[in-house]
Amino acid sequence: MTLIQEKTLASKVRGDFPILTQKVNGKPLIYLDNAATSQKPLAVLNAWRDYYEQYNANVHRGAHTLSAKATDAYEGARDKVAAFINAASRQEIVYTRNATEAINLVAYSWGLSNLQAGDEIILSVMEHHSNLVPWQMIAQKTGVVLKFVELTDTNEFDLEQFKTLVSHKTKLVSIVHVSNTLGCINPVKEICDIAHSFGAKVLIDACQSVPHMIIDVQAMDCDWLVASGHKMCAPTGIGFLYGKLDLLREMPPFFGGGEMIADVFLEYSTYADLPHKFEAGTPAIGEAIALGAAIDYLSNIGMAQIHACEADLTAYLF
Ligand SMILES: Cc1ncc(COP(=O)(O)O)c(C=O)c1O
């Protein structure tokens with residue numbers, strides 16, 4: 001992109017964010033903390049507000065117009081998430097509160113039923129606490145050993161050292177796609193290929209990549225991928241887990257309660273189909289609908305465009 005094109009895009013985008021019209025400490029607000037949480041464009045705020053103002057109702061169960069409308073919008077947003085990351089099926093998208101909850105879901109559901117003492121999990125030293133602490137807890141429960149990929153001299157993922165760590169003992173590789181502290185983009189496709197050649201599963205923490213670049217889970221071939229809505233222009237309280245269909249089918253539910261059941265008896269219950277098996281209780285309906293609006297907003301600008309613009313901005317810094 002040329003500088004003029006970038007300036008035009010930037011001023012158009014800036015105008016979409018009501019919070020940026022204010023002054024803070026006497027100066028126009030310039031917000032740079034998007035990695036922690038992004039601001040919300042008007043289209044997202046409107047989608048959220050419309051739900052609560054126009055058709056607030058519970059989903060999946062109501063035999064009335066508002067519930068049908070809420071269900072359509074809530075499930076429609078799931079279709080948008082699936083398309084956004086090129087999932088093979090909408091059943092592969094599980095709504096969660098955030099990425100942290102999505103990682104815990106995999107850790108407790110898949111981890112506790114598949115890992116045993118002596119197995120190994122590979123993480124990297126650049127993981128966010130949300131992709132470290134759940135695995136420490138699983139290691140304490142199962143006796144699994146945690147191994148860590150170090151950084152190269154240029155503060156990047158050390159792929160060569162990773163190759164020396166991975167073995168047939170490795171059951172899981174759980175790695176951040178774009179580091180929230182270093183900004184480096186990790187070679188996730190290569191990591192998936194190497195891990196799979198040893199029979200290990202791969203979880204990708206895509207919190208800092210989904211809002212900034214095109215994500216194609218089928219091309220990447222990861223087994224799970226997690227992200228938080230609030231880092232991609234959506235509200236807090238909504239995130240998602242992508243998982244390959246067969247894998248999600250094998251995994252037991254994480255939380256139990258309403259919405260995730262097929263039949264309930266006093267002694268036992270049967271579980272709903274994917275993805276609802278993993279979505280116990282009344283979900284964050286307005287927030288999921290607003291996540292759909294955030295995906296529309298990002299897609300309308302274009303993820304390739306967003307990525308190119310950010311790459312140019314980074315280049316100005318160096
Ligand atoms: C790379 C990365 N992973 C995971 C998280 C956790 O996100 P959340 O707190 O929304 O679950 C963050 C948040 O900063 C992050 O940057």
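**Figure 1. D79 and R90 meet in a salt bridge, with 2.5 Å between their closest N and O atoms.** This pair ties together distant parts of the chain, since D79 belongs to helix α3 while R90 lies in the loop between α3 and β3 (93–96), eleven residues apart. Please keep in mind, here and in the other views, that this is a predicted model. Neither partner needs much hunting for: D79 is partly exposed, with a relative accessible area of 37%, and R90 is partly exposed too, at 30%.

**Figure 2. Within helix α3, R78 and E75 are joined by a salt bridge between their side chains.** The N to O distance here is 2.7 Å. Why are R78 and E75 separated by about one helical turn? Because the two sit three residues apart in helix α3, which covers residues 65–84. Are R78 and E75 buried or exposed? R78 is buried, and E75 is buried as well. As a reminder of the chemistry, side chains of opposite charge can pair when their charged atoms come close.

**Figure 3. A network of salt bridges links E75, R78, D79, R90 and E279.** Four of these names will be familiar from the views above, where R78 pairs with E75 and D79 pairs with R90. E279 belongs to the network as well. For the wider picture, a search of the whole structure finds 14 salt bridges.

**Figure 4. R97 and E101 form a salt bridge with its closest N and O atoms 3.0 Å apart.** The two partners differ in their surroundings: R97 is exposed, with a relative accessible area of 52%, whereas E101 counts as buried because its relative accessibility is 15%, and the limit for buried is under 20%.

**Figure 5. Aromatic rings also meet in this model, and a search of the whole structure finds ten aromatic pairs.** One of them is formed by F17 and Y297, an edge-to-face pair with 5.9 Å from centre to centre and 85 degrees between the planes. This pair links distant parts of the chain: F17 is in the loop between α1 (3–15) and β1 (23–24), and Y297 is in helix α10 (residues 285–301), 280 residues apart. F17 counts as buried at 9% relative accessibility, and Y297 is buried too, with a relative accessible area of 10%.

**Figure 6. The rings of Y51 and Y52 form an edge-to-face pair.** Their centres are 4.7 Å apart and their planes stand at 70 degrees, so the pair is classed as edge-to-face. Y51 is buried, with a relative accessible area of 2%, whereas Y52 counts as partly exposed at 39%. Both tyrosines belong to one aromatic cluster, together with W48 and Y55.

**Figure 7. The ligand has 13 residues around it, of which T100, D205, Q208, S228 and K231 come nearest.** Which atom of the ligand lies 2.5 Å from a polar side-chain atom of D205? It is a nitrogen atom of the ligand. Q208 places a polar side-chain atom 2.7 Å from an oxygen atom of the ligand, and a polar side-chain atom of S228 lies 2.6 Å from an oxygen atom of the ligand. The protein covers 88% of the 400 Å² of accessible area that the ligand has on its own. By residue type, the shell around the ligand divides into three nonpolar, eight polar and two charged residues.

Terms used:
Residues numbered from 1 in each chain as written. Predicted model: local features only at pLDDT ≥ 70, side-chain atom pairs only at ≥ 80, totals over all residues. Heavy atoms only, no water. Salt bridge = Lys/Arg side-chain N within 4 Å of Asp/Glu carboxyl O. Helix = DSSP H or I, 4+ residues; strand = E, 2+ residues; numbered from the N terminus. Buried < 20%, exposed > 50% of the residue type's maximum accessible area, 1.4 Å probe, protein only. Phe/Tyr/Trp six-rings, centres within 6.5 Å; stacked < 30°, edge-to-face > 60°. Near = heavy atom within 4 Å. Polar contact = N/O pair within 3.5 Å; in protein donor to acceptor, adjacent residues only side chain to side chain. Areas by Shrake-Rupley, 256 points an atom, 1.4 Å probe, with all protein chains shown as cover. Nonpolar A, V, L, I, M, F, W, Y, C, P; charged D, E, K, R; others polar.
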